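Grab a coffee and open the structure in your favourite viewer. Try each exercise yourself before you read its solution.

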Number of protein chains: 2
Amino acid sequence: MRAVILAAGEGRRLSPHFSGPKPLVSLLGLSLIERNILSLRECGIKTFTIITGCCSGEIESYLGDGSKYGVNITYLHNSDWKLGNGVSAFTFHKDYRDGEKFILTMSDHIFELDVLKSFLKSAENITEDEILLAADTRLQDVFDLAECTKIKAEQDRAVILGKNLKDFNAVDCGLFAGTKALLQALSEAISQSRYALTDTVNILAARRRVKLHFIDGFWVDVDDLPSYRYAEKVLLKSLVPPKDGIVSRVLNRKVSLKITKVLARTGITPNQVTFLSFLISSVSAALFAAAYPLLGGLLAQLSSIIDGVDGEIARLKFQKSNYGALFDAILDRYADFLIVLGMAYAWYSAAPSLPVLLVCAAALTGLPLSMLLKEKFHALTGRPFIPESHDGIFRYLPANRDGRLFIIMLGGIFNLIPLTLIVLGAITHIQALVRLYNARKLM
Amino acid sequence: MRAVILAAGEGRRLSPHFSGPKPLVSLLGLSLIERNILSLRECGIKTFTIITGCCSGEIESYLGDGSKYGVNITYLHNSDWKLGNGVSAFTFHKDYRDGEKFILTMSDHIFELDVLKSFLKSAENITEDEILLAADTRLQDVFDLAECTKIKAEQDRAVILGKNLKDFNAVDCGLFAGTKALLQALSEAISQSRYALTDTVNILAARRRVKLHFIDGFWVDVDDLPSYRYAEKVLLKSLVPPKDGIVSRVLNRKVSLKITKVLARTGITPNQVTFLSFLISSVSAALFAAAYPLLGGLLAQLSSIIDGVDGEIARLKFQKSNYGALFDAILDRYADFLIVLGMAYAWYSAAPSLPVLLVCAAALTGLPLSMLLKEKFHALTGRPFIPESHDGIFRYLPANRDGRLFIIMLGGIFNLIPLTLIVLGAITHIQALVRLYNARKLM
């Protein structure tokens, strides 16, 4: 399926706050239209037609032919863009291939990936004489309801649409699956001098040809500064993985999302952030070894926080890669090793004895076991190991990385190096043996 | 597809050497017919009809309804089994469902799994009026060619078959895909008092209805003591994984296959062997710690050898399991940790110093890295990491488990504990960093 993105309007309500055309307004490191293109690419769409009007030159030179995004982009210019977005949408008829279904959306709307995925799935099932429209019935949660186009729906069909509708039960999310019927209705509306896309949708709605797809995730029409801020907020919130460890959830994410918000605007890559986190761990190790446990502990916790940022940026800016995940996993192990070794070095320097060697060995060997068991389980079964459900009651053992580094921070703050190493050795090995025991039932 | 297994004959040539009926003769821990059932089960066949004659009671009480193998077995008795195997094969007509294709094989034939898999794939494509026969054209490699049924083939069709054929270019492997045509021809042959299966196949061959599937792997007709010994040999050889490490290939497998040959006859499970290998490692660690490096080193190498036996038995007796693989992987890591710690303990006891702590830490942290990288790569990409091809020139670094334990053995024999730990630390970390670097191109 091809996607058509309307990028012809001016965006007057946002323009006082940003320079340049609205589709190119940057939101957390990606322009609005780039985020649309990359989101749709994640759903398998590789061919885009962008309808330009105002500022067509700037948009075309910014996005190019799409090769830098791994997609194909062509442009259609609508010189009558001021008439209304129906005219812009109709411009696509020049490029339309008979029988084709296409996605139609607005350059300034942001959708959660799962919303797009389920919408595309529904779009496969519409017939040639109808269109599909994404609609949201969660009216109390809709951002800036007053500005939305309302829908009166009967079952999964739209009856009538309008911004000032009084009797409505859903709102229009600005995401369509179009067919030949849409282009014909656009032509019909334009011939009646009705230039808004909503006019056309109303023509089809009157004929019960507008099927609705009710969405479940977030979407935002970025139209003004409050909606821009709201979009930032929900996008950042969406970066938290559903199965985060307790220290991550309660502490690390609160800080890491703030760091991500800043770093996303720069050109820093996720792998560079991974390396930064490793460097901070190395400094933490050196500080422990040099008998500055307080600073060592605090830096260990900082590296734990930064360790979340690489993944957040990768998800936010569509920069996820298998190599990045491997690089992160291995550097994390080395970071863990160095910090524990730094602590053991400090302990040994102060009181050399055999127990230091044994406790250090227990802690060092325990560190990689959590990952070893999870990855082997994943490789063997094809299913990820989910500590929160697979570890049973032992999921509260702080033996995953966020928990371990938190313990190290506490050990540094209270200068309890031997105890910290003993606790680390104990909980990591207990977790490993419990996982090995539980796996019998899970595999 | 259902499978029909002929188990009606006496097996006179093998009976002087074994007690009980021939299909129940034990070969490396499984009876001949069990191996057939389990091999076919691995190929997806879950329903079996066994044709019994001589000793039907013993066979039925041994195999039961198949539930202990996770399959369904029914029996058909041929009281005229002495007439010939064509009569036994025809017994299946009582149970035949119109239009069905079925596999027909002999209880005393052994096939490599890949042979069965590719045969079953070919069998899907035969038509209702023909049969498929597995044939081997590698005449110089066929075991006991004199005893084989020869085939004169033209392209992929059999022209004529016979034990005493002079002009032939293939031999009959005793594996058929049958259709209604086979049962009709059996009936025709029997009405002419031609009772051997080969007689029936000749009727169809004369009509060019015997399609041949040329096999590429091993098969054996276990008919007498020499062929029994040959079957043992090729089965054991087939247990060596194609991508074994160099120490495994050159040294360990030569011993482990001998141990497997003995242990396969007992009821010991692969997981019990895994645990045995771990116990031997623990004793090795204790001997190192107690300053008996020679014994410690030799036991480390023995545990490395035994570490191959669990997988060999699992493959040989169809006892492979995901849990077994996980259990083996984690116990191996613990075994490695203990042995290295035993060595470090000995070194520290003799000469306590900070370098012992640092070298011990380097070795301990290096040990799990090989597995960590391999499993993470596998989990992320869905493809296994193959050291022999993915490690490039560094595949010769003895940093995989067989290599590491061999180095430990040498270190024990020559009593070079510090050097051994330094080498282990160095090669494991070099391998990890090289893998991390190479993975960039592989993912």
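What follows is a set of worked exercises on this predicted model.

**Exercise 1. Get a feel for chain A: how many helices and strands are there in it, and what does its C-alpha trace span?**

Step 1: run through the secondary structure, and you should find 16 helices and 13 strands in chain A.
Step 2: lay the C-alpha trace along its principal axes; the span comes out at about 90 × 50 × 40 Å.
Step 3: look at burial, where 51% of the 443 residues of chain A count as buried.
Step 4: take the contacts in chain A between residues at least 6 apart in sequence; 75% of these join residues at least 24 apart.

**Exercise 2. Work out how the two copies are related: what turn and what shift lay chain A on chain B?**

Step 1: recall that two copies of a chain are related by a rotation about an axis and a shift along it.
Step 2: superpose them, and you get a turn of 180 degrees with a shift of 0.0 Å along the axis, at an RMSD of 0.0 Å.
Step 3: the copies are therefore related as by a two-fold rotation axis.
Step 4: look for the C-alpha of chain A nearest that axis; it belongs to Ala379(A), 2.3 Å away.
Step 5: compare the surfaces used, and you'll see that 100% of the contact residues of chain A recur in chain B, so the same surface serves both copies.

**Exercise 3. Take the contact between the chains apart: which element of chain A gives the most to the side that touches chain B?**

Step 1: count the residues, and each side turns up with its share: 36 from chain A and 36 from chain B.
Step 2: list the elements of chain A that give two or more residues to this side, namely helix H11 (322–350), helix H12 (354–366), helix H13 (369–381) and helix H16 (417–442).
Step 3: pick the top contributor, which is H11(A) with twelve residues.
Step 4: sort the chain A side by class, and you have 28 nonpolar, four polar and four charged residues.

**Exercise 4. Find the residues with the most contacts inside the largest nonpolar core, then trace the partners of Ala344(B).**

Step 1: the largest nonpolar core has 275 residues.
Step 2: those with the most contacts inside this core are Val340, Ala344 and Cys360 of chain A, plus Val340, Ala344 and Cys360 of chain B.
Step 3: zoom in on Ala344(B) and skip its neighbours within four places in sequence; the partners left are Leu357(A), Val356(B), Cys360(B) and Leu421(B).

**Exercise 5. Compare two helix pairs: at what angles do H9(A) and H10(A), and H10(B) and H11(B), meet?**

Step 1: in chain A, helix H9 (residues 270–289) packs on helix H10 (residues 293–316) at about 170 degrees, with the axes 8 Å apart.
Step 2: angles over 145 degrees count as roughly antiparallel, so that label goes to H9(A) and H10(A).
Step 3: sort their contact by class: 16 nonpolar, six polar and two charged residues.
Step 4: in chain B, the axes of helix H10 (residues 293–316) and helix H11 (residues 322–350) come within 12 Å and cross at roughly 175 degrees.
Step 5: H10(B) is therefore roughly antiparallel to H11(B) as well.
Step 6: pick out who makes this contact; H10(B) brings residues including Asp307(B) and Asp310(B), while H11(B) brings residues including Asp328(B) and Asp332(B).
Step 7: by class, the H10(B)–H11(B) contact has four nonpolar, four polar and four charged residues.

**Exercise 6. Check the backbone: what is the phi of Leu28(A), and what is the phi of Asn415(B)?**

Step 1: remember that most residues other than glycine have a negative phi.
Step 2: Leu28(A) has a positive phi of about 50 degrees although it is not a glycine.
Step 3: place Leu28(A) in the loop between strand E2 (26–27) and strand E3 (30–31) of chain A.
Step 4: Leu28(A) has 19 other C-beta atoms within 10 Å, so it is partly exposed.
Step 5: Asn415(B) also has a positive phi, near 50 degrees, and sits in the loop between helix H15 (401–413) and helix H16 (417–442) of chain B.
Step 6: with 13 C-beta neighbours inside 10 Å, Asn415(B) counts as partly exposed.

How values were computed. Residues numbered from 1 in each chain as written. Chains lettered and ligands numbered in written order. Predicted model: local features only at pLDDT ≥ 70, side-chain atom pairs only at ≥ 80, totals over all residues. Contact = placed C-beta atoms within 7 Å. Helix = DSSP H or I, 4+ residues; strand = E, 2+ residues; numbered from the N terminus. Nonpolar A, V, L, I, M, F, W, Y, C, P; charged D, E, K, R; others polar. Least-squares fit on C-alpha atoms with pLDDT ≥ 70 in both. Axes fitted to C-alpha atoms, helices over the stretch in contact; angles between N-to-C directions. Parallel < 35°, antiparallel > 145°, perpendicular 65-115°, else oblique. Core = buried A, V, L, I, M, F, W, Y, C linked by C-beta atoms within 7 Å. Buried ≥ 20, exposed ≤ 12 C-beta atoms within 10 Å, placed from the backbone.
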